[in-house]
Amino acid sequence: MNEPTPRRPRSAPLPPPAAVGMNIAQADTPALLLDLDAFERNLARLTESLRGTSVRVRPHAKSHKCPEIALRQIARGAVGVCCQKVSEAEALVHGGVSDVLVANEVVGTQKLSRLAELARQARMSVCVDDAGNLADLAQAVRAAGVTLDVLVEVNVGANRCGVEPGEPVLGLAQLIAQSPGLRFAGVHAYHGAAQHLRTPQQRLEAIAQAVSKVRATLQLLESNGLSAEIVTGAGTGTYMLEAASGVYNEIQPGSYVFMDADYGRNLGEDGKPVREFEHSLFILATVMSHTVATRAVVDAGLKAHSVDSGMPLVADVNGAAYTKASDEHGVIELAGPGTLKLGQKVRLVPGHCDPTVNLYDWLVCYRGERVEAIWPVSARGAFY
Ligand SMILES: Cc1ncc(COP(=O)(O)O)c(C=O)c1O
């Protein structure tokens, strides 16, 4: 009898779909690709845009979940990174990042004690919007014998987490300042709902309102003897507004490294899509069925990219539109016959980069046509 083929242990990640030195067209699909030239231009462009301002940059690593990228952002001057989950922070710290803001609330004793443990290895900070949670945090920090920077999250219009501006922020800040092991570090005022408002006027108005709420809150804190060292917020859609506000001193854009299709629909002053950052993230897919001349089906469906912000764009193929995604299939309508052929590889620009990245273990990084590096998406699936 033949020996059974050795099987990969079930818990091991899939091996990378490509190897360094390959042409990207040889990569197995679906694969998550990073165009290194475009990615590096995006990093440089953020630095360039902020020249002359005094804000610190702390990019949000929830977009990429990849310490290799975080370290490159820090090499470009970022003071550290943000993340949303303790397990993301663990992956980033393990990957060499030494300053992480969990720009989110952390609730539950297990998570809080892991967060406190991390503070032994890196400079950690976290957000709160509840006095009971703050007490639990203080207890975890005491048990671990560490100190932690804490920011009060303030709701500036996104109506997600955060206490209302003014007195509720002051109340929590005073509690932090009185808690041994905790240090009141400032306010977290991210206006998520403003990032994808399509016109510059809409974004301007939304951030102007946020800024005036934050300014009034800072004045109240000051008049009560509390100073917010860090005033942080902003994403790719509005970061220049917060940077110019004179109120925010730290910004946390995430998607700028990749630029997904949805961000590509934000408009500039000229009424045209803003082209400040370039698409650098792609899904490489293969045409797996082409039975009708004007329809090709690729092997990248719902499980290969996120469609919560719309369908992906088809790069490099004139007139092609990705119109329907099912679990394992993506339907592309073609402008005419002969545009694509069976087995051909196509690059798709994902509709929403963050949840798409979270579907992959590996980033296949290429320059020109050549695979230059394979980076692990170390915080992939880091939800807790
Ligand atoms: C708290 C926080 N900060 C920053 C960002 C980064 O935003 P973007 O990816 O739009 O740049 C996000 C994204 O959702 C976020 O939730």
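A nonpolar core is a set of buried Ala, Val, Leu, Ile, Met, Phe, Trp, Tyr and Cys residues joined through side-chain atoms within 4.5 Å. Buried means under 20% relative accessible area, exposed over 50%, and partly exposed in between, with a 1.4 Å probe and protein chains only.

The model on display is predicted: local features need pLDDT of at least 70, side-chain atom pairs count only at pLDDT 80 or more, and totals for chains, interfaces and linings use all residues. Residues are numbered from 1 along each chain as its sequence is written, and side-chain values use heavy atoms, with hydrogens and water left out.

**The whole chain**

Begin with the full protein chain, which has nine helices and 17 strands. Helices (H or I, at least four residues) and strands (E, at least two) are DSSP runs, numbered from the N terminus. Along its principal axes, the C-alpha trace spans about 70 × 65 × 35 Å. The radius of gyration of the protein chain is 22 Å, which agrees with the value near 21 Å for a compact globule of 384 residues; the radius is taken over C-alpha atoms, and the globule rule is 2.2 Å times the number of residues to the power 0.38. Of the 384 residues, 51% are buried.

**The cores**

Next, select Met124, Leu137 and Leu221, the residues with the most contacts inside the largest nonpolar core, which has 56 residues. Helix H7 (residues 200–223) gives the most to this core, with seven residues. A second, separate core of 47 residues includes Val298, Tyr322, Leu334 and Val377.

Return to Met124 and display its surroundings. Leaving aside residues up to four places away in sequence, Met124 touches Ala89, Val93, Val100, Val102, Leu115, Leu118, Ala119, Leu148 and Asp149. Here a contact means heavy atoms within 4.5 Å.

**Helix H7 and Lys213**

Remain with helix H7 and select Lys213, which is placed in it. Lys213 counts as partly exposed, because its relative accessibility is 32%. Now add Gly157: Lys213 and Gly157 are 56 residues apart in sequence and 9.5 Å apart in space, C-alpha to C-alpha. Lys213 touches Val156 and Pro165, not counting residues up to four places away in sequence.

**Unusual backbone geometry**

Most residues other than glycine have a negative phi, and most peptide bonds are trans. Three places may be inspected with this in mind.

- Select Thr29 and Pro30: the peptide bond from Thr29 to Pro30 is cis, with omega near -5°. Pro30 is in the segment before strand E1 (31–35).
- Select Lys65, in the loop between strand E2 (56–57) and helix H2 (67–75). Phi of Lys65 is near 55°, a positive value in a residue other than glycine. Lys65 counts as buried, because its relative accessibility is 6%.
- Select Met259, in the loop between strand E9 (250–251) and strand E10 (281–292). Met259 is not a glycine, yet has a positive phi of about 55°. Met259 is buried, with a relative accessible area of 5%.

**Strand E15 and Lys345**

Finally, select Lys345 in strand E15 (residues 345–349). At 27% relative accessibility, Lys345 counts as partly exposed. Keep Thr29 in view: Lys345 and Thr29 are 316 residues apart in sequence and 8.3 Å apart in space, C-alpha to C-alpha. Not counting residues up to four places away in sequence, Lys345 touches Ala25, Gln26, Ala27, Thr29, Leu284, Ala285 and Thr286.
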